[in-house]
Amino acid sequence: MCFICCFSNIRDDLNQWRAYGDDGKGICIGFDKSFFEGLVKEGFFAENVTYKAKEELHSFISEKLISIKNEHSLITDSVKFTREVKMQIGLKRAKVKNPAFLAENEFRIGLYDSLSDDAIKQYVFDDIHIGAKGLKQYMGNIYYLENNIKISPVDYRTNKNRLIPYRKLELGSELFKAIKSVTIGPLCQASPVELAKFLVCKCDNCFCGIDTIYKSTLTYV
């Protein structure tokens, strides 16, 4: 499983408001990119999306498979080989998008949540189902990052006719270090002053001052 949270590097963009900002009536929360980059460790990433056509991605995967194959003996090191394939190619897939989405200028944070060596051996090579106990343990893993920030066990939400697995990135008090700005959408009726008062009222440790709140400058019709 790979768990991803997606952002844009553009703070005030018409297409983004239309697609993700309640058709211009919402707000945009701006995060400090370097904050997430400082949390990076094995399995957890924070970086810009690369836009590649399908052919380019296939070429990369072929080259990566050959490279991993040369590093590991398939007979004596099959578990490590499989883990490397899943990790490196799985991570690459999580950071690549079709060039049709280039205008989004996307930045992603994510966790590539891989099985343990024992689970890979059982699940992939011995053709034994990992079982309810093993699956529950795997999904119950908690990942710890810097400053007591943790990534919670797997939970599920519904979306129309689908079940969507997710993990929470629990920032706690560090959230106020991560948030950098708020931008009011072009059709949102709240004023910067109203929003600043709201944040002060609702957030005990609110970082926000009027100078960190922007009003979209875009014409929206």
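**Exercise 1.** Decide from its relative accessibility whether F35 is buried or exposed.

Solution. F35 has a relative accessibility of 12%. Buried means under 20% relative accessible area, exposed over 50%, and partly exposed in between, with a 1.4 Å probe and protein chains only. F35 therefore counts as buried. The model is predicted: local features need pLDDT of at least 70, side-chain atom pairs count only at pLDDT 80 or more, and totals for chains, interfaces and linings use all residues. Residues are numbered from 1 along each chain as its sequence is written, and side-chain values use heavy atoms, with hydrogens and water left out.

**Exercise 2.** State which geometry the aromatic pair of F35 and F36 has, and place the two rings in their cluster.

Solution. Rings of Phe, Tyr and Trp (its six-membered ring) pair if their centres lie within 6.5 Å; planes under 30 degrees apart are stacked, over 60 edge-to-face, and the rest tilted. The whole structure holds 5 aromatic pairs. In one of them, F35 and F36 are 5.4 Å apart, centre to centre, with 85 degrees between the planes, which is edge-to-face. F36, at 3% relative accessibility, is buried. Both rings belong to one aromatic cluster, completed by F7, F31 and F107.

**Exercise 3.** Find which rings R11 and K95 sit over.

Solution. The criterion is NZ of Lys or CZ of Arg within 6 Å of the ring centre and within 35 degrees of the ring normal. The charged end of R11 is over the ring of Y214, 4.1 Å from its centre. K95 is over the face of F45, at 5.0 Å from the ring centre.

**Exercise 4.** Describe the lining of the largest pocket: which residues are closest to its centre, and which element gives the largest share?

Solution. A pocket is an open set of points on a 1 Å grid over the protein atoms alone, with protein on both sides within 12 Å along at least five of seven lines; lining residues have an atom within 4 Å of a point. Points are joined across faces, edges and corners, and the volume is the space filled by probe spheres set on them.

- Volume: about 750 Å³ for the largest pocket.
- Lining: 26 residues, of which F7, S8, I10, C28 and I29 are the closest to the centre.
- Elements: β2 supplies the largest share, 5 residues; β1 (2-8) and α1 (14-20) are among those with at least two. Helices (H or I, at least four residues) and strands (E, at least two) are DSSP runs, numbered from the N terminus.
- Character: 11 nonpolar, 6 polar and 9 charged residues. Ala, Val, Leu, Ile, Met, Phe, Trp, Tyr, Cys and Pro count as nonpolar, Asp, Glu, Lys and Arg as charged, and the others, Gly among them, as polar.

**Exercise 5.** Repeat the description for the second largest pocket: how many residues line it?

Solution. The second largest pocket has a volume of about 460 Å³. Its lining has 21 residues, with F3, I4, C5, I109 and R167 the closest to the centre. β1 gives the most, 6 residues. By character, the lining divides into 17 nonpolar, 1 polar and 3 charged.

**Exercise 6.** Compare the span of helix α4 with the expected value, then relate F81 to N70.

Solution. The expected span is 1.5 Å times one less than the number of residues. Helix α4 (residues 78-94) has 17 residues and reaches 24 Å from first to last C-alpha, close to the 24 Å expected. F81 is among the buried residues of α4. N70, in helix α3 (residues 54-71), is exposed at 65% relative accessible area. The C-alpha atoms of N70 and F81 are 9.9 Å apart, at 11 residues along the chain.

Methods: 1 Å grid on protein atoms, 1.4 Å probe; cavity = no way out; pocket = protein on both sides within 12 Å on 5 of 7 lines; lining within 4 Å.
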